[in-house]
Amino acid sequence: MVVMGVSNDSSEEGASWLHDEDFPFVFVSDAENDGATYAAFGGGLRDNNMVDSRAVIVVGPDGRIAGTIPAFNQNDPMAYEELAEIVDRVTPEPAEGN
C-alpha cells in the first residue's frame, strides 16, 4: 500500500514539509502540471485549476486507488480518521498465529 500526498507545492517545499512533520507519505508535486497529476488519479481541482489542498491518494496492495481525500487538512484529527478508514479497508488481516 502507498499513501501519496499531492499538492501544488514544489518538490523542495513538499520534501521539507514532510521531513519537518515526519509524515510517512510519498509526496507528489503537481506544481508544474497544473493539477494534471491529481486529475489523472480521479481527483478534483478548484476553480483556479489548482489541486485541492494537500490531497491524499491511497493506493492499495493491488495497485488500484483505494481512496482519495481531495482536501486533506493535516491539522484536523478527523482527516486522520478518514485516512485510517481507507487504509483499514485495504490492509490485509494478519494470518492466524502472527
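**Note on the cores, cavity and Val58 of a predicted model**

1. Of the 98 residues in the protein, 35% are buried; the coordinates are those of a predicted model, and the remarks below should be read with that in mind. About 6,200 Å² is exposed by the protein, and carbon and sulfur atoms supply 48% of that area.

2. As to the fold, the protein contains three helices and four strands, which follow one another along the sequence in the pattern β-α-β-α-β-β-α. Among the contacts with a separation of 6 or more, 39% are made by residues 24 or more positions apart.

3. The largest nonpolar core comprises 14 residues, and within it Val3, Phe25, Val56, Phe72 and Leu83 have the most contacts. At least two residues of this core are supplied by each of α1 (11-21), β3 (55-59) and α3 (77-90), with α3 giving the most, namely four residues.

4. Phe25 deserves its own entry: when residues up to four places away in sequence are not counted, Phe25 touches Val3, Gly5, Leu18, Val56, Phe72 and Leu83. A second core, separate from the one described above, has seven residues, including Met4, Val6, Ala55 and Ile57.

5. On internal space, a search of the whole structure finds one cavity of 30 Å³ or more, and the largest cavity holds about 50 Å³ of space. Its lining is formed by Gly5, Val6, Ser7, Trp17, Phe25, Phe27, Arg54, Ala55, Val56 and Phe72; by class, these lining residues are seven nonpolar, two polar and one charged.

6. Two strands, β1 (2-7) and β3, each supply at least two residues of the lining of the largest cavity, and the largest share, three residues, comes from β1. Phe25, Val56 and Phe72 appear in this lining and are also among the residues with the most contacts inside the largest nonpolar core, while Val6 and Ala55, likewise in the lining, are members of the second core.

7. Is Val58, a residue of strand β3, buried or exposed? Val58 counts as buried because its relative accessibility is 1%, against a cut-off of under 20%. Leaving aside neighbours within four places in sequence, Val58 is in contact with Met1, Val2, Val3, Arg64, Ile65, Ala66, Gly67, Leu83 and Ile86.

8. One of those partners, Val2, lies 56 residues from Val58 along the chain, yet the C-alpha atoms of the two are separated by 5.8 Å. Val3 and Leu83, also in contact with Val58, are among the residues with the most contacts inside the largest nonpolar core.

How values were computed
Residues are numbered from 1 along each chain as its sequence is written. This is a predicted model: local features need pLDDT of at least 70, side-chain atom pairs count only at pLDDT 80 or more; totals for chains, interfaces and linings use all residues. Side-chain values use heavy atoms; hydrogens and water are left out. A nonpolar core is a set of buried Ala, Val, Leu, Ile, Met, Phe, Trp, Tyr and Cys residues joined through side-chain atoms within 4.5 Å. Buried means under 20% relative accessible area, exposed over 50%, partly exposed in between (1.4 Å probe, protein chains only). Contact means heavy atoms within 4.5 Å. On a 1 Å grid over the protein atoms alone, a cavity is a set of points where a 1.4 Å probe fits but cannot get out, and a pocket is an open set with protein on both sides within 12 Å along at least five of seven lines; lining residues have an atom within 4 Å of a point. Grid points are joined across faces, edges and corners, and a volume is the space filled by probe spheres set on the points. Ala, Val, Leu, Ile, Met, Phe, Trp, Tyr, Cys and Pro count as nonpolar, Asp, Glu, Lys and Arg as charged, and the others, Gly among them, as polar. Accessible areas come from the Shrake-Rupley method with a 1.4 Å probe; for residues, only the protein chains shown count as cover.
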